[in-house]
Amino acid sequence: MPTISELFVYPIKSCGGIALREARLLATGLEYDRYWMLTHPDGEMLTQRAYPRMALIKVEIGTDMLIIRAPGMSELRTPLDAARLDAPLKVQTKVWRDAAYGLDTGDTTAGWFSSFLGFPTRLLRFDPQRERQVDPDYTGSVGGATTYFADGFPLLVVGQASLDDLNTRLTSKGAPSISIDRFRPNVVLTGLDAYEEDYVETLNIDGATQAEQGVQLQLVKLCARCPMPTVDQQTGAPNPDWPNEPTDTMTTYRAKRQFDGAVTFGNNALISSGAGAWLRVGQEVEAEIGFGD
């Protein structure tokens with residue numbers, strides 16, 4: 001039976017992730033996932049696609065603060081609770097074409113990120129008084145869904161066997177293997193065949209005890225990949241000897257006509273039920289497979 005082997009959250013969009021043994025599942029995704037986002041002063045979002053150095057910004061979830069570190073920088077802290085921000089400016093921004101709503105975390109955080117990245121930068125915290133709707137073309141099965149600063153969906157699910165297969169293809173051509181963090185999943189599963197998550201429609205996860213509610217996830221859209229997986233999350237740059245990997249390799253077998261030839265890796269998911277429950281590494285998962293009509 002498939003099993004949750006890893007859980008990740010990425011508190012600041014496109015910055016370093018955190019591996020967790022357990023994570024609370026909310027209607028918007030895992031708790032603290034993409035609650036913050038870096039922007040230009042005009043509110044335009046920043047991502048590793050254009051600024052791979054963002055990968056070097058690492059975070060830790062403290063008791064009541066988000067702790068932020070980067071090479072050559074002093075430690076920075078900002079409140080986890082948006083209510084603790086001091087009269088924050090409300091900012092309307094966008095995640096791609098979707099309107100999103102943030103609270104500016106202030107000049108101290110802006111100065112820190114501007115110094116590290118080398119250009120004017122602001123840190124927004126998603127405004128918990130607002131909602132960002134997921135594309136309704138994919139939410140009919142759950143009656144609507146919301147998320148924060150994620151690209152488009154509350155969760156990304158990836159099978160470990162898919163990464164193993166990709167690494168076999170990479171090493172067979174002399175390229176180095178890569179780690180799962182290149183693809184920034186929230187939930188990693190073992191026990192599926194390579195790319196079997198492409199065909200999973202529903203994941204059901206029982207509570208650890210009778211008192212804990214179960215979880216149902218609906219997998220609704222394959223994740224089309226931009227060049228971001230070429231960025232080594234430890235160096236903040238592509239491998240100079242293989243700067244276009246793994247994209248070049250995936251293009252040979254993962255290009256999808258329904259995505260205009262884009263390569264896919266992983267499957268985006270919605271929370272059908274179980275918001276408030278905990279997901280834990282080691283939990284068994286029942287996967288319902290569908291192959292279409």
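Across the interface of domain 1 and domain 2, the search finds 1 salt bridge. Keep in mind that you're looking at a predicted model. The pair is R49 with D151, and their closest N and O atoms sit 2.6 Å apart.

So what are these two domains? The domain assignment gives domain 1 as residues 3–30 plus 135–289, and domain 2 as residues 36–131. If you mark the C-alpha centre of each domain, the two points lie 23 Å apart. At the border, 23 residues of domain 1 are in contact with 33 residues of domain 2. How much area is buried between domain 1 and domain 2? About 2200 Å², with carbon and sulfur atoms giving 67% of it. There are polar links too: 8 residue pairs are in polar contact between the domains, counting pairs where both residues have pLDDT of 80 or more.

Now go back to D151, since R49 is one of its salt-bridge partners. K13 also forms a salt bridge with D151, with the closest N and O atoms 2.5 Å apart. K13 is in the loop between strand 1 (3–9) and strand 2 (18–20), while D151 is in the loop between strand 11 and strand 12 (155–159), so this pair ties together parts that are 138 residues apart in sequence. Are K13 and D151 buried or exposed? K13 has a relative accessibility of 4%, so it counts as buried. D151 comes out at 33%, which makes it partly exposed.

K13 leads us to another residue to look at, R34. Leaving out residues up to four places away in sequence, R34 touches Y10, P11, K13, Y148, F149, A150, R184 and N186. You'll find R34 in the loop between strand 4 and strand 5. Its backbone has a positive phi of about 55°, although R34 is not a glycine. With 11% relative accessibility, R34 counts as buried, because the cut-off is under 20%.

D260 makes a nice comparison. It also has a positive phi of about 55° without being a glycine. D260 is in the loop between helix 3 and strand 18 (264–273). Is D260 buried or exposed? Its relative accessible area is 77%, so D260 is exposed.

While you're looking at loops, find P246, which lies between strand 17 (237–238) and helix 3 (247–251). A cis peptide bond joins E245 and P246, with omega at about 10°.

Next, the strands. One open sheet has 3 strands in the order 4-3-19, with antiparallel pairing. Strand 4 (29–30) and strand 19 (278–280) stand at the edges with a single partner strand each, so one side of each has no neighbour in the sheet. Strand 3 (residues 22–26) pairs with strand 19 in the antiparallel sense over 3 bridges. To see how they line up, find E22, which stands opposite R280 in strand 19.

Strand 5 (residues 36–39) is another one to trace. From this strand, W36 and L38 point one way and M37 and T39 point the other way, yet all of them are buried. Which strand does strand 5 pair with? It pairs with strand 11 (residues 122–126), in the antiparallel sense, over 4 bridges. One spot to check is T39, whose bridge partner in strand 11 is R122.

Finally, back to salt bridges. A search of the whole structure finds 15 of them. Among them is the one between E60 and R69, with the closest N and O atoms 3.0 Å apart. E60 has a relative accessible area of 37%, so it is partly exposed, and R69 is partly exposed as well, at 36%. Another salt bridge brings together the side chains of R77 and E75, at 2.9 Å from N to O. R77 is partly exposed with a relative accessible area of 46%, and E75 is partly exposed with 40%. How do these residues fit together? Salt bridges that share partners join E60, R69, E75 and R77 into one network.

Key. Residues are numbered from 1 along each chain as its sequence is written. This is a predicted model: local features need pLDDT of at least 70, side-chain atom pairs count only at pLDDT 80 or more; totals for chains, interfaces and linings use all residues. Side-chain values use heavy atoms; hydrogens and water are left out. Two strands pair if DSSP finds at least two bridges between them. Helices (H or I, at least four residues) and strands (E, at least two) are DSSP runs, numbered from the N terminus. Buried means under 20% relative accessible area, exposed over 50%, partly exposed in between (1.4 Å probe, protein chains only). Domain bounds come from an automatic or database domain assignment. Contact means heavy atoms within 4.5 Å. Buried area is the accessible area (1.4 Å probe) that two parts lose on being put together, summed over both. A salt bridge is a side-chain nitrogen of Lys or Arg within 4 Å of a carboxyl oxygen of Asp or Glu. A polar contact is a pair of N or O atoms within 3.5 Å; within protein, one must be able to donate a hydrogen and the other to accept it, and residues adjacent in sequence count only if both atoms are side-chain atoms.
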